[in-house]
Each structure stands twice: as C-alpha cells, then as structure tokens.
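Me: I've got a structure here and want to talk through a helix and some charged pairs. Can you walk me through them?

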Amino acid sequence: MGESLRHTWILTTARIRLALRNRAFFFFSFLMPLIFLFGAVFMAGRSATNWVGYILGAVLTLTVMGSFWGLSVQLVTFREQGILRRFRLAPLGAGPLLASSILSNYFLVLPAVVVEIIVCRLAFHMHSWGNLWAMFLLVSFGSAAFSAFGLIVASVTNTMQETQMINNLIWMGFLFLSGATVPLAVFPSWIQRISLFMPATYLATGLEAASTDLASSSEVITDVVALAIGLWMAFEISRQLFRWEPEAKVAGRAKSWVLVAMIPFLLFGAWENVTGNRLQRIRQDYQTISGRMLRQLPPSR
C-alpha cells in the first residue's frame with residue numbers, strides 16, 4: 001500500500017509539472033471559464049448582482065466537469081503515442097496511474113475555482129461568499145467523479161475518433177440536462193424528472209445552491225454521497241478495463257460499462273422521483289433568486 005501511494009504521488013507531481021508547461025492548459029482551464037463568467041454576468045445586465053451567485057455555481061460546474069473531457073482525451077492520446085507502454089516497464093499498476101490522473105487534475109482545478117469565487121465576490125459584488133465548505137466538498141468530489149467518468153470512456157474506446165464521439169454524446173447531456181447552462185427550473189416537469197438520473201445534476205444544482213447560500217446540510221450530504229459512490233464505481237471499472245498497449249482492443253460490448261457506472265445515479269434518480277423533494281427545492285431556490293431581483297428593480301411610474 002505504501003509503495004502504491006508513493007508511486008501515485010510521484011506520478012501526480014510529474015503530471016502537474018507537465019500540465020503547467022502547456023499553454024493550452026492555461027487557456028482551457030483558466031481563461032475559458034472566466035470568459036464564460038464575464039459573458040454570463042454581462043448578459044444578466046442590471047440584475048447581475050442578484051444572479052451572480054447562481055452564475056458562479058454554473059461556471060464552477062463547467063470548470064469541474066471539464067475533467068471528464070480532458071482526462072479521457074489525454075489517456076487515449078498517451079495510449080496511442082505509446083507513452084503508457086513506458087509506464088508499464090516500471091513496477092506500476094493501473095490503480096496508481098489512474099489515481100494520479102484524478103489527483104493531478106484536482107490540484108490543477110482548485111486554483112481556477114478559487115479565482116472564479118474571488119472575481120464574483122470582489123469584482124461582481126456577489127452578496128456573500130456563499131457556503132464555502134459546501135462548495136469545497138462538491139468541487140472536490142465532483143472533480144474526482146467526473147475525472148473517473150472520463151477514465152471509463154478512455155478505457156472502453158479504441159481510437160481518438162471513438163473517444164470524441166462518445167464524449168460529445170455524454171457531454172451534451174451533462175450540459176443541457178443538469179442546470180449547468182440553463183436553469184433546471186425553467187424546463188418542463190418531464191425534463192426535470194429525467195435530469196435526476198444525470199450525475200451532472202447533483203453537481204450543478206448542489207453548487208448553484210451552495211454559491212447562493214441556499215443549500216442545507218442534508219442536500220449537500222446527498223449530493224456528495226451520490227458523487228462519491230459514482231467515483232468509486234467509475235474508478236473500479238476503469239481500473240479493471242485499463243489497457244497499456246495501443247494494440248490491445250476492447251470488444252464493442254465493453255462500452256456498456258459506461259452505462260454500468262451510471263447505476264448509482266439511476267437509483268438516486270428513481271428515489272428522488274418517487275420520494276424526494278429535490279425538484280421542489282430547485283424551483284424554490286430559483287424563485288427565491290428571482291424574488292431578490294424583483295425587489296431590486298425600481299418602482300414603475
């Protein structure tokens with residue numbers, strides 16, 4: 001165990017140093033989220049101060065979910081270029097290598113998250129810092145979980161073209177059925193119910209509630225537990241399916257393991273649809289923020 005942890009940490013620090021030398025990393029990890037943030041606040045116009053906390057939650061979600069796309073593409077690139085073959089020459093298992101991917105990505109995401117929170121509070125005059133502990137927990141478990149989801153995709157695809165195709169399909173669902181880009185409360189009820197089966201929903205709605213200081217302890221715990229179970233299952237599946245060699249191909253049926261990783265969220269979604277009150281809470285939070293905005297508008301003459 002001690003040797004595995006040492007290998008994991010060595011790989012983590014090495015991958016962080018490699019990422020910091022890449023100019024594209026700074027653009028996609030730091031500049032692009034800030035561009036989204038400034039653009040969303042600008043479009044909010046006069047009501048931006050009331051919505052900036054909600055916007056922050058959405059931008060944090062996009063920042064964290066970027067782990068899914070980045071790690072899946074990176075791992076497939078490493079395999080196609082023969083880089084993973086070199087790691088295999090060392091006494092190193094798949095577990096430490098995959099864990100280092102998750103950890104290095106987490107440490108690289110944290111500074112971007114901190115910058116986004118500070119910009120919203122100081123530059124855009126967000127009403128409060130929000131629930132910082134809840135945001136920290138959700139960012140931590142969310143980053144790890146979505147990194148693990150990306151590793152599954154990399155483990156079940158044989159080429160970069162396959163990886164990008166599956167990534168696009170899953171990414172569209174993450175973006176538009178979670179509340180990360182469009183508030184979930186404005187969708188029809190049947191779309192809201194479908195969204196409860198998406199892992200991104202638990203991250204997006206949790207961060208939006210935490211950044212507006214509307215999240216309760218029980219809601220945060222539910223979101224963290226859902227993401228933690230998804231992380232554990234996704235990591236174990238990717239570890240079992242991991243391949244070092246570009247010549248090693250997986251059968252088409254192996255792609256069904258991506259769906260297996262969704263089982264925890266299917267169970268959470270079924271429970272929320274039958275007995276939960278998540279959708280009611282999401283609607284109430286949205287109405288609360290809208291009410292704040294209406295109270296700030298000048299009286300009509």
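Me: Let's start with helix α9: what distance does it reach from its first C-alpha to its last?

Reply: Keep in mind that this is a predicted model. Helix α9 covers residues 199-211, which makes 13 residues. At 1.5 Å a residue the expected span is 18 Å, and the model comes close to that with 19 Å.

Me: Is α9 enclosed by the rest of the structure or open, and how many of its residues are buried?

Reply: A residue counts as buried when its relative accessible area is under 20%. Helix α9 is largely enclosed by the rest of the structure, because the number of its 13 residues that are buried is 13.

Me: Which residue just after α9 has a positive phi?

Reply: Look just past the end of the helix, where phi comes to about 60°. The residue with that positive value is Asp213.

Me: On to the charges. How far apart are the closest N and O atoms of Glu236 and Arg239?

Reply: Both residues sit in helix α10 (residues 217-241), three residues apart, so about one helical turn separates them. In general, an α-helix has 3.6 residues a turn, so residues three or four places apart point the same way. Glu236 and Arg239 form a salt bridge, with the closest N and O atoms at 2.8 Å.

Me: Is Arg239 buried, partly exposed or exposed?

Reply: Its partner Glu236 has a relative accessible area of 25% and is partly exposed. For Arg239 the value is 33%. Since partly exposed lies between under 20% and over 50%, Arg239 is also partly exposed.

Me: What about Arg278 and Glu272: what is the relative accessibility of Glu272?

Reply: The side chains of these two meet in a salt bridge, at 3.5 Å from N to O. Arg278 is buried, with 4% relative accessibility. Glu272 counts as buried too, at 7%.

Me: Which helix holds both Arg281 and Asp285?

Reply: These two form a salt bridge, with their closest N and O atoms 3.7 Å apart. Arg281 is buried at 8% relative accessibility, and Asp285 is buried at 13%. They are four residues apart, about one helical turn, in the helix spanning residues 278-296, which is α13.

Me: Which residue is linked with Arg281 and Asp285 in a network of salt bridges?

Reply: The salt bridge between Arg281 and Asp285 belongs to a network that links three residues: Arg281, Asp285 and Glu219. So the residue you're after, by the salt-bridge criterion of within 4 Å, is Glu219.

Me: And how many salt bridges does the structure hold?

Reply: The pairs covered above include Glu236 with Arg239 and Arg278 with Glu272. For the structure, the count of salt bridges is five.

Conventions: Residues are numbered from 1 along each chain as its sequence is written. This is a predicted model: local features need pLDDT of at least 70, side-chain atom pairs count only at pLDDT 80 or more; totals for chains, interfaces and linings use all residues. Side-chain values use heavy atoms; hydrogens and water are left out. Helices (H or I, at least four residues) and strands (E, at least two) are DSSP runs, numbered from the N terminus. The expected span of a helix is 1.5 Å times one less than its number of residues. Buried means under 20% relative accessible area, exposed over 50%, partly exposed in between (1.4 Å probe, protein chains only).
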